[in-house]
Amino acid sequence: MEEHATAVEAAIAVGVGRVLYVSLVGAAPTATYLNARDQWLTEQFLAGTGIRHTVLRAGFYTATPAALVNEKLVVSGPATTGPAAFVTHEDIADVITAVALEDGPRSEHDGATLEITGPEALTLDEAVTRIAAATG
């Protein structure tokens, strides 16, 4: 949270007029996933600064399962059997680009929280099975 606040304060200090902040789907003060609590705190801090901003809450990244694999090729993640609509970094970049390119001093997305998710909710097991099939 401290790093996020420092970055926002530095942006304001140098005259940045708008912040597009990538957070997490499910960010909340009581989120089970602790990182989502920090993201929520950052969202609240950002809103309290008065700077023009949009929060973009991304679902789990498609790259996450591969990053969680250990030397025995076992994937362990911060979830049980619940599904997630995995999203690519490219999808997030496309949404950021669309929001950033909106014309005018104000946008319908100012102060908004947008959720960016993939087209299908998969459990971690289903995602890993598909990754294994696709990559061998």
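Student: How many Å apart are the end C-alpha atoms of α5, and what should its 12 residues span?
Tutor: This is a predicted model, so the check is on computed coordinates. At 1.5 Å a residue, the expected span of α5 is 16 Å. The end C-alpha atoms agree with that value, as they lie apart by 16 Å.

Student: Which residue just after α5 takes a positive phi?
Tutor: Helix α5 covers residues 124-135. Just past its end, phi turns positive, at about 80°. The residue with that angle is Gly 136.

Student: Which residue has a positive phi although it is not a glycine?
Tutor: Look in the loop between α3 (64-67) and α4. A residue there has a phi of about 65°. It is Leu 73.

Student: Is Leu 73 buried or exposed?
Tutor: A residue counts as exposed when its relative accessible area is over 50%. Leu 73 has a relative accessibility of 70%. Therefore Leu 73 counts as exposed.

Student: In what order do the elements of the protein chain run?
Tutor: The protein chain has five helices and three strands. Read them from the N terminus on. The order is α-β-α-β-α-α-β-α.

Student: In what order do the three strands stand in the open sheet?
Tutor: The pairing in this sheet is parallel. β1 (18-24) and β3 (113-116) each have a single partner strand, so each stands at an edge with one side left without a neighbour in the sheet. Neighbouring strands are turned by 25° against each other on average, direction ignored. The order is β1-β2-β3.

Student: Over how many bridges do β1 and β2 pair?
Tutor: The two strands pair in the parallel sense. In this pairing, Arg 18 stands opposite Arg 52 in β2. The number of bridges between β1 and β2 is seven.

Student: Through which helix does the chain cross from β1 to β2?
Tutor: The path between these strands is a β-α-β crossover. Its hand is right-handed. The helix on the way covers residues 34-49 and is α2.

Student: Which residue stands opposite Arg 57?
Tutor: Strand β2 (residues 52-58) pairs with β3 in the parallel sense, over four bridges. The partner of Arg 57 is in β3. That partner is Glu 115.

Student: How many of the residues of β2 are buried?
Tutor: In a regular strand the side chains alternate between the two faces of the sheet. Here Arg 52, Thr 54, Leu 56 and Ala 58 point one way from β2, while His 53, Val 55 and Arg 57 point the other way, and all are buried. β2 is therefore largely enclosed by the rest of the structure. The count of buried residues is seven of the seven.

Student: Which backbone oxygen does the side chain of His 53 reach?
Tutor: His 53 lies in strand β2. It is buried, with a relative accessible area of 10%. Leaving aside neighbours within four places in sequence, its contacts include Val 19, Leu 46 and Asp 110. At 3.0 Å, its side chain reaches the backbone oxygen of Ile 51.

Student: Which helix lies across β1, β2 and β3?
Tutor: This helix covers residues 89-100. It runs at about 155° to β1. The helix is α4.

Student: Is Thr 123 buried or exposed?
Tutor: Thr 123 is found in the loop between β3 and α5. A residue counts as buried when its relative accessible area is under 20%. The relative accessibility of Thr 123 is 18%, so it counts as buried.

Student: How far apart in space are Thr 123 and Phe 86, C-alpha to C-alpha?
Tutor: In sequence, they are 37 residues apart. Yet Thr 123 is in contact with Phe 86, and also with Thr 81, Gly 82 and Pro 83. Their C-alpha distance is 9.6 Å.

Student: Of the contacts between residues at least 6 apart in sequence, what share joins residues at least 24 apart?
Tutor: The C-alpha trace of the protein chain spans about 50 × 30 × 25 Å along its principal axes. Of its 136 residues, 31% count as buried. The share of those contacts that joins residues at least 24 apart is 75%.

Note on methods:
Residues are numbered from 1 along each chain as its sequence is written. Side-chain values use heavy atoms; hydrogens and water are left out. Two strands pair if DSSP finds at least two bridges between them. Axes are lines fitted to C-alpha atoms, for helices over the stretch in contact, and angles run from 0 to 180 degrees between N-to-C directions. Contact means heavy atoms within 4.5 Å. Buried means under 20% relative accessible area, exposed over 50%, partly exposed in between (1.4 Å probe, protein chains only). A crossover is right-handed if, with the strands pointing away from the viewer, the path from the first strand over the helix to the second runs clockwise. The expected span of a helix is 1.5 Å times one less than its number of residues. A polar contact is a pair of N or O atoms within 3.5 Å; within protein, one must be able to donate a hydrogen and the other to accept it, and residues adjacent in sequence count only if both atoms are side-chain atoms.
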